[in-house]
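Colleague: Please take a close look at one part of this model with me, and explain it slowly enough for someone in a first year of study. I would like to learn where that part sits and what lies against it.

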Amino acid sequence: LAPRLRVLAFDLRGRGLSDSPDTGYSMADHAADMLGAMDALGIERVALGGHSFGGLLTYYLAAHHPERVERAVVMDAPAVVDPTIIEQIQPSLDRLERHFQSWDEYLAMVRQMPYYDGWEWQDELTEFYRSDVEVLDDETVRSRCRPGHIGQAVEGTLQIDWPALVATISQPTLLIRAAAPFGPPGYPPIVPEDKAQQTLALLQDGRLVTFEGNHITFLFGEGAADVADTIVEFVTK
């Protein structure tokens with residue numbers, strides 16, 4: 001996206017190098033963090049985008065704080081959140097519980113997750129996972145994200161009436177979905193076509209674009225440039 005756009009990418013609380021308090025992982029908490037960051041940077045209004053949980057946060061902020069969100073870009077997040085989504089992302093959640101003897105062991109485990117079956121691994125994804133890990137005093141490696149924090153965040157998403165919330169969004173909204181199945185064998189895409197159409201019908205000014213790849217892989221490799229071009233065209237038109 002950069003340098004065509006001025007891009008600010010935030011690690012939400014409990015992720016990356018951001019603070020990890022024991023509590024405070026509701027959508028309202030995350031939204032307050034984002035608004036606080038914007039205020040601190042002197043930014044009044046943005047084109048806001050997010051992937052997965054970040055996409056739900058984008059819906060939330062666009063609905064509750066329309067004066068701060070000029071356009072919304074939602075990547076692979078439906079307006080109808082199915083509780084079975086936990087089963088689809090379970091292999092990724094499982095890694096949060098474990099300690100690994102080395103970075104190489106951690107990466108080998110990640111590459112065996114079902115999300116990457118039949119996909120040519122990308123160096124950019126290696127760097128994505130490298131930024132997620134920390135080395136502990138005993139020199140073992142683990143994810144920076146703690147299971148309890150992610151659990152609170154997921155629980156918070158299930159307490160919101162997303163269809164009702166999304167129906168209040170009046171800003172131009174770009175919904176990007178990944179077409180390929182995601183999770184253990186037999187699971188559908190995170191946003192199946194029918195749920196994408198349901199979401200599009202709820203939005204007052206929505207546009208839907210579908211890309212090849214699954215919930216993660218469509219943002220890496222050759223497809224990433226196409227996604228970026230689509231976002232730039234939407235934000236700048």
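Modeller: What follows begins with the whole chain, then turns to one helix and its surroundings, and ends with some single residues and a pocket.

The model is predicted, so local features need a pLDDT of at least 70 and side-chain atom pairs count only at pLDDT 80 or more, while totals for chains, interfaces and linings use all residues. Residues are numbered from 1 along each chain as its sequence is written, and side-chain values use heavy atoms, with hydrogens and water left out.

The protein has nine helices and six strands, where helices (H or I, at least four residues) and strands (E, at least two) are DSSP runs numbered from the N terminus. Its radius of gyration is 18 Å, close to the 18 Å that the globule rule gives for 237 residues, so the protein is as compact as a globular protein of that length; this radius is taken over C-alpha atoms, and the rule is 2.2 Å times the number of residues to the power 0.38. The C-alpha trace spans about 50 × 40 × 40 Å along the principal axes. Of the 237 residues, 47% count as buried, a word that stands for under 20% relative accessible area, with exposed meaning over 50% and partly exposed in between (1.4 Å probe, protein chains only). Among the contacts (heavy atoms within 4.5 Å) with a separation of 6 or more, 68% come from residues 24 or more positions apart.

Now to the part I have chosen, helix α6, which covers residues 147-157 and whose buried residues are His-149, Ile-150, Ala-153, Val-154, Gly-156 and Thr-157. These residues are on the same side of α6, because the arc that they cover around the axis is only 160°, an arc being that of the directions from the helix axis to the C-beta atoms. Four other helices pack against the buried residues of α6, namely α1 (27-41), α2 (53-64), α3 (85-96) and α7 (162-166).

Thr-157, which belongs to helix α6, makes a good close-up. With a relative accessible area of 5%, Thr-157 is buried, and if residues up to four places away in sequence are not counted, Thr-157 touches Met-27, Phe-53, Leu-56, Val-81 and Trp-162. Thr-157 and Lys-195, by contrast, are 38 residues apart in sequence and lie 17 Å apart in space, C-alpha to C-alpha.

One of the helices that pack against α6 is α2, and Thr-58 is found in α2. Thr-58 counts as buried at 2% relative accessibility, and, with neighbours within four places in sequence left aside, Thr-58 is in contact with Leu-48, Gly-49, Gly-50, Ala-72, Val-73 and Val-74.

Another partner of α6 is α3, and the loop between β2 (69-75) and α3 holds Asp-76. Although Asp-76 is not a glycine, its phi is positive, at about 55°, and Asp-76 is buried, with a relative accessible area of 1%. Glu-139, in the loop between β3 (133-135) and β4 (141-143), also has a positive phi, near 70°, in a residue other than glycine, but Glu-139 counts as exposed at 61% relative accessibility.

Helix α3 also helps to cover the buried residues of α4, as do α5, β3 and β4. In α4 the buried residues are Trp-103, Tyr-106, Leu-107, Met-109 and Val-110, which lie on the same side of α4 because they cover an arc of only 160° around the axis.

Last comes the second largest pocket, which holds about 200 Å³ of space. Of the 17 residues that line this pocket, Pro-114, Tyr-115, Asp-117, Pro-181 and Asn-214 are the closest to its centre. A pocket here is an open set of points on a 1 Å grid over the protein atoms alone, where a 1.4 Å probe fits, with protein on both sides within 12 Å along at least five of seven lines, and lining residues have an atom within 4 Å of a point. Grid points are joined across faces, edges and corners, and the volume is the space filled by probe spheres set on the points.
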